[in-house]
Structures are given as structure tokens and as C-alpha cells.
Amino acid sequence: KQYEKATAEFKRYIDLNNNDSRAKITYGGFLYQLKEYQTAIDEVSVFLIQDSTNYIYHRILAYSYHEAKKPKEAQNALNNFWKYAGSNKVTGMDYSYAGKIAAANKDTANAIKYFKTSVAMDTANADLQSEYALALYNAKRNKDSIAEYKKRMTMVKPFSPLDYYYLGRAYFADGDFKNADTTFADFVRVQPKSPDGYLWRA
């Protein structure tokens with residue numbers, strides 16, 4: 001009910017302000033923050049009919065399409081974002097989503113490029129560091145992946161089970177079986193019900 005009330009108030013505000021673009025941006029961002037991704041896509045797509053060059057609309061679309069698990073549409077929206085956003089308008093989060101979208105589209109080279117840029121702009125983001133390390137692992141750049149996972153270990157947020165799992169895989173692929181076994185032991189400690197750690201240790 002609160003969501004419906006807030007949505008109605010936003011729409012009324014937009015109408016009262018002659019379809020002001022700032023109000024539309026706030027509304028689109030509100031929908032994205034509430035994880036109402038399909039509604040955000042539907043509403044912002046209508047806004048774009050009147051203002052097709054608004055880079056923030058394309059940003060909201062790209063983010064929302066990605067979260068809605070529509071990678072091709074997300075890439076198209078992102079391409080339009082790059083087209084209309086000046087270089088001074090691009091944020092670390094934009095590069096982060098660009099990396100995620102590239103990864104979802106199996107474009108490993110661009111995923112690595114964008115994650116690297118984003119990590120440099122947001123050095124304290126542990127989740128982003130994990131995604132960068134994983135992209136390097138997927139590219140079979142095992143030593144680089146290990147190095148980035150080691151950086152991830154120094155961050156405040158605890159290592160996740162997936163971090164242990166893919167770091168172990170990277171060590172194994174690099175032929176460092178001792179560290180692989182130690183890392184999979186850590187994976188078993190935090191994820192004792194999963195068979196994966198036991199299989200890789202065996």
C-alpha cells in the first residue's frame with residue numbers, strides 16, 4: 001500500500017510539474033531502489049519517447065534490465081548511456097554495472113576492463129573486488145585472479161563461500177595444490193553442507 005501510494009504521488013507530481021525530467025528521474029530511481037525493475041523499465045521507456053537523449057533514463061534502464069536478468073536489453077540500454085553521457089557524468093557504479101552486464105553477456109574481456117576501472121574508483125567495495133577476481137578467473141588469468149582475491153581478503157567484509165570456492169579453483173588451475181587444498185578446507189568450514197569443497201579436496 002505504501003508503494004502504491006508513493007507511486008501515485010510521484011505520478012501526480014510529474015503531471016503538476018509539466019512532465020519535469022528531474023521528477024521523472026527521481027521516480028525512475030525510486031522504482032529501481034525498490035527493486036521494482038520491470039515497472040522501472042516500463043515507466044522509463046515511456047519517458048524516453050519524449051526525451052530519447054537523457055542519459056540518466058538510459059542508466060536506469062541498463063541497471064533495471066540487468067537486475068531483471070535481461071542481459072541483451074541491458075547492453076542496448078548501456079550502449080545508449082555511453083552515447084549520451086559525457087565522460088564527466090560516468091560513475092564508478094556505471095562501470096560496475098557495465099562489468100556485470102558484459103559478464104552476463106559472456107563478454108569476459110570487457111567485463112575485466114570495466115571491473116578494473118570500477119575497482120580503481122571504489123577501492124573499498126568488497127563485492128566489486130570479488131566480481132573482478134571472478135572475471136579474471138573466468139578468463140583463465142589464474143595468477144591475476146589469485147592476486148585480486150588476496151586483495152579481497154584484506155577488506156572488512158568477510159570472505160564469502162563463493163570467494164573461497166573460486167580462489168581454490170584458481171589455485172588448483174595454477175597448479176598450486178597446497179594452497180588450493182587449504183582454501184577448499186576454508187570453504188568446507190563456512191559451507192559444510194556443500195559437497196563441492198570435499199570433492200575438490202579429494
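A crossing of two helices is called left-handed if the near helix is turned anticlockwise from the far one by less than a right angle. With that in hand, let us walk through this structure, which is a predicted model.

Helix 5 passes helix 6 in just such a left-handed crossing. Their axes lie 9 Å apart, and the two helices pack at an angle of about 140°. On the helix 5 side, the contact is made by Pro71, Ala74, Gln75, Leu78, Phe81 and Trp82, and helix 6 answers with Asp94, Tyr95, Ala98, Ile101, Ala102 and Ala104.

Two of these names, Leu78 and Phe81, lead us inward. They are among the residues with the most contacts inside the largest nonpolar core, together with Tyr27, Val44, Phe47, Leu61 and Tyr65; this core has 26 residues. Helix 1 (2–16), helix 2 (21–33), helix 3, helix 4 (55–67), helix 5 (71–84) and helix 6 (92–104) each give two or more residues to it. Helix 4 gives the most, with seven residues.

Helix 4 therefore deserves a closer look: 12 of its 13 residues are buried, so this helix is largely enclosed by the rest of the structure. Among the buried residues are nonpolar ones such as Ile56, Ile60 and Leu61, but also Arg59, Ser64, His58 and His66. The partners that these buried residues pack against are helix 2, helix 3, helix 5 and helix 6. How far apart are the end C-alpha atoms of helix 4? They are 18 Å apart, which agrees with the span that 13 residues should have at 1.5 Å a residue.

Both ends of helix 4 have a local feature to look for. At its start, a side-chain oxygen of Asn54 comes to within 3.0 Å of the backbone nitrogen of Ile56. Just after the helix, Lys69 takes a positive phi of about 60°.

Now back to Tyr27 of the core. Apart from residues up to four places away in sequence, Tyr27 touches Thr7, Phe10, Lys11, Ile14, Glu43 and Phe47. One of those, Glu43, sits in helix 3 (residues 37–50). Is Glu43 buried or exposed? Glu43 counts as buried because its relative accessibility is 17%, and buried means under 20%. Beyond its neighbours within four places in sequence, Glu43 is in contact with Lys11, Tyr27 and Leu31. Lys11 thus appears in the contacts of Tyr27 and in those of Glu43.

Definitions and conventions
Residues are numbered from 1 along each chain as its sequence is written. This is a predicted model: local features need pLDDT of at least 70, side-chain atom pairs count only at pLDDT 80 or more; totals for chains, interfaces and linings use all residues. Side-chain values use heavy atoms; hydrogens and water are left out. Helices (H or I, at least four residues) and strands (E, at least two) are DSSP runs, numbered from the N terminus. Buried means under 20% relative accessible area, exposed over 50%, partly exposed in between (1.4 Å probe, protein chains only). Contact means heavy atoms within 4.5 Å. A nonpolar core is a set of buried Ala, Val, Leu, Ile, Met, Phe, Trp, Tyr and Cys residues joined through side-chain atoms within 4.5 Å. The expected span of a helix is 1.5 Å times one less than its number of residues. A polar contact is a pair of N or O atoms within 3.5 Å; within protein, one must be able to donate a hydrogen and the other to accept it, and residues adjacent in sequence count only if both atoms are side-chain atoms. Axes are lines fitted to C-alpha atoms, for helices over the stretch in contact, and angles run from 0 to 180 degrees between N-to-C directions.
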